[in-house]
Amino acid sequence: MGGMVYDLREVRRARYAVAAVFAVHGAVTGSFATRVPWIQDHAGVGAGQLGIALAFPALGASVAMPLAGSISHRFGARNALRGLIALWTLALVLPSLAPNLLTLCLALFVYGATAGMADVAMNALGVEVETRLGRSIMSGLHGMWSAGALIGSAAGTLAAHLGSDARLHHALAAVTLTLLGVAACQWVLDLQPAEDEEPPPRFALPPKSALLIGAVGFCAVFAEGASLDWSAVYLRDQLDTSAGLAAACTTGFTLTMAIARLVGDKVVDRYGSVRTVRFSGVLATLGGLLIVVSDQPVLAMAGFALLGLGIAVVVPLCFAAAGRSGPNPSLAIAGVATITYTSGLIAPSAIGGIAQATSLMVSFCLVTVLSFGLVVFARVLRAGDRERPTVSRPDAAVPDPRP
């Protein structure tokens, strides 16, 4: 059962192109997250209403992301990604234009829907490149996403420090990122469905094997969503910091996530998925504790940085474990993705609702408890520790490791 042989240069070029798309996707998120306080003030909403509004990106993503497979099947992977990444980058301008809660919710729904579809398309191409290379690259790709989020949040920090209007900031960012994303798509793999291939199902229930793995991902994504959307607000409202310093907290969080993901593949190869996630959970729990007990901005920022370091590699490892957990890897991965997106849907509104009833400090007590769940349930990722396929280094081609 000989496999197909792929051109090494094409696969490597596709890897770098997909990595660039991941970075662009992350830059949009970072650009948005650092200006959430400005958007909140412009729309005139309180913490509870903001929590409701921040549920709509994940809601939009959950509703729309099953469409990505059908779009890729109809237009081809490259054209689909090119169109979806452009829609996502341009959607960045919508939230800052919203003058009230209703329009903010609608804007964030569209923002999340385009994000989810582009996310599915780029991850699918990343998995295909990983398969053709025969070694892990997904943590590194997610690291590029975090690096992009870091760049976007750094630019947002500067914009917030200068007191610039988020509408102008996001319009300039959207145009720049659209051009970069569309250009990078020129070199991704141009996958086309076979003539007799049926379109993928739009919805599938996750298999039982994916539920526990998805629970681990749920804990990590809850902490990530809470930190990205609420870290700046936490420092501003809880510790009375300036807008620039509050935005810098989000930047520090994305920085530690980027570093951890960029080196994550090597760490997992050495220590395995279970030990990596268990230790990551310890770091995330310590970070959460530091956030809730700190009365100084520097200590709280250090807590968010530790939290980012701890949760960084968990989701890529959840996808890896899901792909090895049963006879239908794609269905298991889709199930884990559904659970993690549900976490993203719940996290912002849960944090806002608890904050409205009590305080943001109590909200992050919940984040700390869920972070400790990574320590408790890390063993369910043992499927991700199976031996990965290896390939020799040829001069011109990479053999397909699939049978």
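**Exercise 1. A salt bridge with R167**

Task: Is R167 buried, partly exposed or exposed in this predicted model? Which residue is its salt-bridge partner?

Solution:
1. Start with the accessibility of R167. The value is 37% relative accessible area.
2. Apply the cut-offs. Buried means under 20%, exposed means over 50%, and partly exposed is in between. R167 therefore counts as partly exposed.
3. Find the partner. R167 forms a salt bridge with D165. The closest N and O atoms are 2.7 Å apart.
4. Check D165 in turn. Its relative accessible area is 28%, so D165 is partly exposed.

**Exercise 2. A salt bridge between two helices**

Task: In which helices do R261 and E224 lie, and how many residues apart in sequence are the parts that they tie together?

Solution:
1. Confirm the contact. The side chains of R261 and E224 meet in a salt bridge, at 3.8 Å from N to O.
2. Place both residues. R261 lies in helix α12 (residues 243-262), and E224 lies in helix α11 (residues 208-238), so the pair ties together parts that are 37 residues apart in sequence.
3. Add the surroundings. R261 has a relative accessible area of 3%, so R261 is buried. E224 is buried too, at 12%.

**Exercise 3. A salt bridge within one helix**

Task: How many residues apart are R132 and E128, and which helix holds both?

Solution:
1. Look at the pair. R132 forms a salt bridge with E128. Their closest N and O atoms are 2.9 Å apart.
2. Place the pair. Both residues lie in helix α8. They are four residues apart, about one turn of the helix.
3. Test for burial, using the cut-off of under 20%. R132 has 10% relative accessible area, so R132 is buried. E128 has 13% and therefore counts as buried.

**Exercise 4. A network and a count**

Task: Which residues are linked in a network of salt bridges? How many salt bridges are there?

Solution:
1. Name the members. D41, R236 and D237 are linked in a network of salt bridges.
2. Give the count. It comes to five salt bridges.

**Exercise 5. An unusual backbone angle**

Task: What is the phi angle of D240, and where is this residue found?

Solution:
1. Read the angle. D240 has a positive phi of about 55 degrees, although it is not a glycine.
2. Place the residue. D240 is found in the loop between α11 and α12.
3. Classify D240. Its relative accessible area is 68%, so D240 is exposed.

**Exercise 6. The cavity**

Task: Which residues line the largest cavity, and what are their classes?

Solution:
1. Count cavities. The structure holds one cavity of 30 Å³ or more.
2. Give its volume. About 30 Å³ of space lies in the largest cavity.
3. List the lining. F32, V36, I39, L50, L54, L104 and L108 line this cavity.
4. Sort by class. The lining has seven nonpolar residues, no polar residues and no charged residues.
5. Trace the helices. α2 (36-43) and α8 each supply at least two residues of the lining.

**Exercise 7. The nonpolar patch**

Task: Which residues form the nonpolar patch on the surface, and which helices each supply at least two of them?

Solution:
1. List the members. L59, V63, L94, L97, F109 and V110 form the patch.
2. Give the area. Together they have about 450 Å² of accessible area.
3. Find the helices. α4 (56-64), α7 (93-97) and α8 (101-133) each supply at least two of the patch residues.
4. Place one member. L97 is in helix α7.

Definitions and conventions
Residues numbered from 1 in each chain as written. Predicted model: local features only at pLDDT ≥ 70, side-chain atom pairs only at ≥ 80, totals over all residues. Heavy atoms only, no water. Patch = residues over 30% accessible without salt bridge, like charges linked within 9 Å, V, L, I, M, F, W, Y side chains within 5 Å. Areas by Shrake-Rupley, 256 points an atom, 1.4 Å probe, with all protein chains shown as cover. Salt bridge = Lys/Arg side-chain N within 4 Å of Asp/Glu carboxyl O. Buried < 20%, exposed > 50% of the residue type's maximum accessible area, 1.4 Å probe, protein only. 1 Å grid on protein atoms, 1.4 Å probe; cavity = no way out; pocket = protein on both sides within 12 Å on 5 of 7 lines; lining within 4 Å. Points joined across faces, edges and corners; volume = space filled by probe spheres on them. Nonpolar A, V, L, I, M, F, W, Y, C, P; charged D, E, K, R; others polar.
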